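Dear colleague,

Here is the structure I said I would pass on. My notes on it follow below.

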Amino acid sequence: MTTLITGATGLTGTLFLKRLAEIKPNTEVSCLVRETSNRSKIDHLNLKINYYIGDSKTAETWDRIFAQSNFEIIIHIVQLNQVPVLINSLKKAQQTPHLIIIGTTGIYSKYNRYSQEYKDAEKELLTYSGTYCLLRPTMIYGSPQDQNLHKLVKFCDRYKFFPVFGSGNTLLQPIHADDIAQTLVKAWQFPNIQGAYDLSGASIVNFRELLTIVSKLLAKPVYHLYFPLNIGITIATLLESILGDKSPVRREQILRLQEDKAYSHESAKNDLDFEPRTLEVGLQQEIELMRNQGII
Ligand SMILES: NC(=O)c1ccc[n+]([C@@H]2O[C@H](COP(=O)([O-])OP(=O)(O)OC[C@H]3O[C@@H](n4cnc5c(N)ncnc54)[C@H](OP(=O)(O)O)[C@@H]3O)[C@@H](O)[C@H]2O)c1
């Protein structure tokens, strides 16, 4: 199967290629990476990797690639909102590879400002004349590369407290990146598995329970510092406007603290043998990695 992968140098992408190299060593794959992407993360894997350099959000990149090559499968990990550009270029090139797309359960958010672009992209996917498998992860964690729990663990380890905005009762069901990677391999091996699947972790916890697990695994107290939600929104907005991407917290994350983010993965379990790890096991692995790398 000729396969093109985007996002191969990211958290989920590197773990996917690692799993692929273990299960099907020497597989030939193509990766669309940026000029600046750190290819050393995947170059050493037991795979035959052919690189395309470009920007997956631009039609120019896709048009250039499809003028040169015709793939049987495209695994698009980078961003769901780039799907319309990808599909449009495929239409122009009259190609219909099987698409495996990483989406997000963020599509279920009641905050339209954040979910609308995902809804638009999924709507576009429905118009695609080829086949596809859409995997929608919840919050991803699992390595110092993750943008979510890694920061929380680091903060708790250093300061022994964590702010809780609102009641801390809303539900979370984070997914380990390696569980997504294994599901991607399955979806790649079986292109007849089609449709949309939510991918959530094995544990449903509220925010206070999450802090309790982190405290137990760090073997340190983590005190909960309660703040009204509005204060959190103001602080996050300020931090984002001053620090931009470097802000430890995004306004969206605080707003979405009011929403339960637990989603059933029953369909993925039935069709893709999806068996995610528990949060305690996944966090234990992440904390071990952070300790080995001297981050905590
Ligand atoms: N993080 C979450 O909690 C979460 C939750 C639900 C869904 N998702 C979705 O899950 C997917 C994987 O997330 P992740 O955390 O594994 O990603 P990640 O670690 O942030 O990696 C992103 C990857 O995409 C590449 N990339 C970004 N923009 C690109 C562009 N314009 N052109 C070409 N390549 C580009 C990056 O390349 P470089 O190496 O050059 O940076 C990197 O390889 C994403 O679609 C994300 O939206 C994430």
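**Strands and their surroundings**

Strands S1 and S4 pair in the parallel sense, with four bridges between them. The model is a predicted one. In this pairing, Thr6 stands opposite His76 of S4.

On S4 (residues 73–76) there is also a parallel pairing with S5 (residues 98–102), again over four bridges. Here the bridge partner of His76 is Ile101 in S5. His76 thus appears in both pairings, opposite Thr6 and as partner of Ile101.

These strands belong to an open sheet of seven strands with parallel pairing, in the order S3-S2-S1-S4-S5-S6-S11. The edges are taken by S3 (48–53) and S11 (195–199); each has a single partner strand, so one side of each is left without a neighbour in the sheet. On average, neighbouring strands of this sheet are turned by 15 degrees against each other, direction ignored.

S4 is covered on both faces. Ile73 and Ile75 are buried on one side, and Ile74 and His76 are buried on the other.

Helix H7 (residues 177–189) lies across S1 (3–6), S4, S5, S6 (132–137) and S11. The helix runs at about 170 degrees to S5.

One item concerns the surface. Leu238, Ile242 and Leu243 make a nonpolar surface patch of about 310 Å². Leu238 is found in helix H9, which spans residues 229–243.

Regards

Key. Residues numbered from 1 in each chain as written. Predicted model: local features only at pLDDT ≥ 70, side-chain atom pairs only at ≥ 80, totals over all residues. Heavy atoms only, no water. Pairing = 2+ DSSP bridges. Helix = DSSP H or I, 4+ residues; strand = E, 2+ residues; numbered from the N terminus. Axes fitted to C-alpha atoms, helices over the stretch in contact; angles between N-to-C directions. Contact = heavy atoms within 4.5 Å. Patch = residues over 30% accessible without salt bridge, like charges linked within 9 Å, V, L, I, M, F, W, Y side chains within 5 Å. Areas by Shrake-Rupley, 256 points an atom, 1.4 Å probe, with all protein chains shown as cover. Salt bridge = Lys/Arg side-chain N within 4 Å of Asp/Glu carboxyl O. Buried < 20%, exposed > 50% of the residue type's maximum accessible area, 1.4 Å probe, protein only.
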